[in-house]
Structures are given as C-alpha cells and as structure tokens.
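Student: Could you go through this structure with me? I would like to begin with a helix and then move on to other parts.

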Amino acid sequence: MIRARIAPTPSGYLHIGNVVNFAITWLWVRQNKGHLRLRIDDLDTQRAKPEYIEDIFNTLKWLGLDWDEGPQSAAEQELQYSQKRRKDRYDEWIAKLIETNRVFACTCSRKQIEELHVCNCRQKNLPLNTPDAALRIYTPVDAIFVVNDIKRGKTEVNLYNEMRDFVIRRRDGIAAYQVASVVDDIDFDINLIVRGEDLISSTAAQLYLSGLLNQNSFAETTFYHHRLLKNEQGEKLSKSAGSVSIKSWRESGDKPEKFYLFLSSFWGLKEPVLSLGEMLEQIQTGLVKLES
Ligand SMILES: [Zn+2]
C-alpha cells in the first residue's frame, strides 16, 4: 500500500505553491487507495510559530483535504506529534553518522558561506564539540545518486555538485532538515514522497545519509518531484518572499473553488474542476492524467 505524507513547515503562512504539493500528494494517495500522513516540520522552534501551525489546519480544512494519520489539531501537534519530541531519535542518527568518520565541525558564518559558496572546514579537523559549530558530512566527488522518479524515470543527481558537505546538525544543536526528514520517513514507513523539483538534491542527500547507515528501505521509496509554480517574474514562490498566502484568500472570502480552478489551469485541463473530489473522479475515469 502506498504510504505518503504531506510535510508543511510552519515558518510562514501557506501559499499556493505549498497547497499544489498537498493536492498532488492527496490525489496520488487516494487514487491508489493509500494512506496519508500529516507531518508538521516544527523542529526549528525559532521559525515555527503557533499561528502558522494553526494556519496549516485551517488551510487543509478549507481545501477539503483529509488525512489518515497525524495530528488533527494544533493542540495534538504540540502534545503528541511535534518533532521536538523526536530529538533523541535524530541525535541517535547523528551519533551513528559520526561513527562513519565522515562528519566534521564547521565554524563558517552564514555570511562566509554566502560569499565564498564553500566551506573549507574539512581540512581544519576541528573537534566535533567546538562551541557554536555546525556538523557537516563529507560528500565524495563521486557521490552520484539515482532517484526513482515516477515521471522522470531514473534521474541522476550529483550530490557533490549540488550539496557538497551539507549540514547534518545546525549550530544551535538541532538536527538539520535532511536528517529529521529522512528519519521520519523511514520510521513512519513512508514509501512515496511527493515534493517540488527544487528538492531533488535533498532527495539525493537523504539517500546518501540512509545508505551510510544501511537503512535501505529509503532507497526503495518512490519519488515524484513535481514542477514548481512560479511567480510572474519566473521565480519560485516562497513564504519569505511574501508570496500571497491562502490565509489572505480565505480572509477575503474566496472559496476553495478559486484554488481548484487555478490548479486546473496549471495542469492545462480542458474541463476545469472545482474540488479535490471532482479531480479524483476525473483521474479515476481516465479523463484527466495526474500531471505536473
Ligand atoms: Zn565551514
């Protein structure tokens, strides 16, 4: 059975690009009578705000999107499902990664990385417990991974070029996204991951981490890296760039039909659909191909 998840990060109000991803995931799962988990990536406590967590539930409700597993409210998220409760599990992985002798400490500032585009701490051999240091993992020059993608087929990603020596633990001691995400996907038996095409290098990073620890189930995961929605300038939508939020649609009285009409045109459907259910029906009857 397909087991997929939607994994919003509560670092801002959800925008249309986020909900396109949720809709695609939901459609794949429901079309295949699979199982959908809601996972809220709230590990970054500085950015995760209660109003953003609340917004996730409000937006999913507005869309008419249901899920089978995971929190049903912000209170449940905090009490039972928060990633903060899984810190020990992530730390366990980081400890095992350290045992592979590929981890090194990095004291570069964000500014240095932005300016130099590369960290040279590999050669410095700093103690791993250096105060305020992030931990990075060494990526060999030949780190090329083959991603199993539903639409693209087998896709090669050169991890060395895309995400050389990426961070596995941040300076504040919190596990990096790459670690938390792969650990959760393995622990919750996820076998289909639907994400934007900008995250294909993350997929390769996670294949690398799971492979190092012989967690081979992750390599069996099916991926779908869908095309991204762009703004009028052709840039990727993002919360930080102030893309229009679904919250502002809701507050100005817009109905979910507005989103489904938009999705219909994004997919180039001849007959626009007005709800997820309608879209699912058209996919099941073969009128529409799950696209994007
Ligand atoms: Zn560095």
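**A helix, a metal site and a core**

Tutor: Helix H2 (residues 50-63) has 14 residues, which at 1.5 Å a residue should span 20 Å, and its end C-alpha atoms are 20 Å apart, which agrees. The expected span is 1.5 Å times one less than the number of residues. Helices (H or I, at least four residues) and strands (E, at least two) are DSSP runs, numbered from the N terminus.

Student: What kind of model is this, and how are the residues numbered?

Tutor: The model is predicted, so local features need pLDDT of at least 70 and side-chain atom pairs count only at pLDDT 80 or more, whereas totals for chains, interfaces and linings use all residues. Residues are numbered from 1 along each chain as its sequence is written, and side-chain values use heavy atoms, with hydrogens and water left out.

Student: Back to H2: which of its residues are buried?

Tutor: They are Tyr52, Ile53, Asp55, Ile56, Phe57, Thr59, Leu60, Trp62 and Leu63. Buried means under 20% relative accessible area, exposed means over 50%, and partly exposed lies in between (1.4 Å probe, protein chains only).

Student: And what follows H2?

Tutor: Gly64 follows H2, and its phi is positive, near 80°.

Student: Which residues other than glycine have a positive phi?

Tutor: Lys33 is one of them, with phi near 50°, and Asp132 is another, with phi near 65°. Most residues other than glycine have a negative phi. Lys33 sits in the loop between helix H1 (16-31) and strand E2 (35-38), while Asp132 belongs to the loop between H5 and E4.

Student: Is Lys33 buried or exposed? I would ask that of Asp132 too.

Tutor: Lys33 is exposed, at a relative accessible area of 65%. Asp132 is exposed as well, at 52%.

Student: New topic: what coordinates the zinc ion?

Tutor: Four sulfur donors do: the SG atoms of Cys106, Cys108, Cys119 and Cys121, at 2.3 to 2.4 Å. Donors are N, O and S atoms within 2.8 Å of the metal (3.2 Å for Na, K and Ca); water is not among the atoms, so sites may look incomplete.

Student: What geometry does the site have?

Tutor: The site is tetrahedral, with angles of 104 to 120° among the 4 donor atoms. Four donors count as tetrahedral if all angles lie between 85 and 135 degrees. Along the chain, the donors follow the spacing C-x1-C-x10-C-x1-C. Cys106 in strand E3 (residues 103-106) and Cys121 in the loop between helix H5 (110-116) and strand E4 (134-137) are 15 residues apart, and this pair links distant parts of the chain. Both Cys106 and Cys121 are buried.

Student: What sheet does E3 belong to?

Tutor: E3 is in an open sheet of 3 strands, ordered E3-E4-E7, with antiparallel pairing. Two strands pair if DSSP finds at least two bridges between them. E3 and strand E7 (167-169) are at the edges with a single partner strand each, so one side of each is left without a neighbour in the sheet. Between E4 and E7 there are 2 bridges, and Leu135 has Arg169 in E7 as its bridge partner.

Student: Where is there a hairpin?

Tutor: E5 and E6 form one, with 3 residues between them. Strand E5 (residues 144-149) and strand E6 (residues 153-158) run antiparallel and are joined by 6 bridges. Phe145 has Val157 in E6 as its bridge partner.

Conventions. Four donors count as tetrahedral if all angles lie between 85 and 135 degrees; four count as square planar and six as octahedral if opposite donors are over 155 degrees apart and all others between 65 and 115; anything else is irregular.
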